[in-house]
Amino acid sequence: MAQQLIKVPPTKNTLLRLKKQEKFLEEGHDLLERKRELLTRLVYERIGEYRRLRDASEKALAEAYRCLSITHLRMGSRGIHQAALGSELALTVDILPRRALGVEYPAVTSERIPLKPVGLLGTDASFDTTRENLANACVLLARLAEVETALHRLMEEQRKAQKRVNALKYNIIPLYRRTIHFIQSSLEEEERNTLFQVKLLRQRAEA
């Protein structure tokens, strides 16, 4: 099976142009390879952070729901609903765009607001404990959401960079090299034929 070549005329100008393009592609391959390595490093860093936050969030949610179940037993659904209507915000959340190696993802910043005891008639002390634990869990979940979103987008960009690196390394650059080699061989063969013809003409002229 014949190897695929770029369909261009086998001339010296074409050869020079293809060599410049080959050099440009090799430099692009090196840049993409470095980007892929940096993305891979960031992905592994985010994976570790994601696992730590996921475990901490699961523990915080488990504790918050344990407290909520106690509050539900003591106050009932209606009592919790009425008390929640008069509760103030427990935290503030800000979302801003952030970029890393050309990958954009939301940066989530959450801050706790000191809780004031509800102190309503019919409420239980466990209600404030539940609010505190739920607010703490929300802070962790906000951070987890940022890390998880960033991780997914970094992994997607890393896969794209890997595909481009492979395409350049195994398809595009070899295609250019084969074409350059073919043109060089064609030009050398043409030069040999020309020299041979010149030699024949000299021999005939001398004869």
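In this predicted model, the sulfur of C138 lies 14 Å from the closest cysteine sulfur, which belongs to C67. That separation is too far for a bond. A disulfide is a covalent bond between the sulfur atoms of two cysteines. The cut-off applied to such a pair is 2.5 Å. The structure therefore holds zero disulfides, because no pair of cysteine sulfur atoms falls within 2.5 Å. C67, too, is in no disulfide. For C67, the nearest cysteine sulfur is that of C138.

The surroundings of these cysteines were also examined. C67 has a relative accessibility of 6% and counts as buried. C138 has a relative accessible area of 35% and is partly exposed.

Attention then turned to the nonpolar residues. In soluble globular proteins, nonpolar side chains tend to be buried together. In this model, the largest nonpolar core has 11 residues. Among them are the leucines L15, L18, L25 and L32. V165, L168, I173 and Y176 belong to this core as well. I180, I183 and L187 complete the list. Two helices, α1 (12-85) and α2 (125-206), each supply at least two residues of this core. The largest share comes from α2, with seven residues.

One member, L15, gives a local view of the packing. Residues up to four places away in sequence are left aside here. L15 then touches I180, I183 and L187, which are also members of the largest core. L15 touches Q184 as well. Apart from the largest core lies another core, of 10 residues. Its members include V43, Y50, L144 and A161.

Two further positions in α2 were considered. A145 has its place in helix α2. A145 is partly exposed, with a relative accessible area of 37%. In sequence, A145 and V108 are 37 residues apart. In space, their C-alpha atoms are 7.9 Å apart.

E146 is also found in helix α2. E146 has a relative accessible area of 2%. E146 is buried because this value is under 20%. Which residues does E146 touch, not counting residues up to four places away in sequence? The contacts are R46, R98, Y105, P106, A107 and V108. V108 thus appears twice in this account: in contact with E146, and with its C-alpha 7.9 Å from that of A145.

Key: Residues numbered from 1 in each chain as written. Predicted model: local features only at pLDDT ≥ 70, side-chain atom pairs only at ≥ 80, totals over all residues. Heavy atoms only, no water. Buried < 20%, exposed > 50% of the residue type's maximum accessible area, 1.4 Å probe, protein only. Core = buried A, V, L, I, M, F, W, Y, C linked by side-chain atoms within 4.5 Å. Helix = DSSP H or I, 4+ residues; strand = E, 2+ residues; numbered from the N terminus. Contact = heavy atoms within 4.5 Å.
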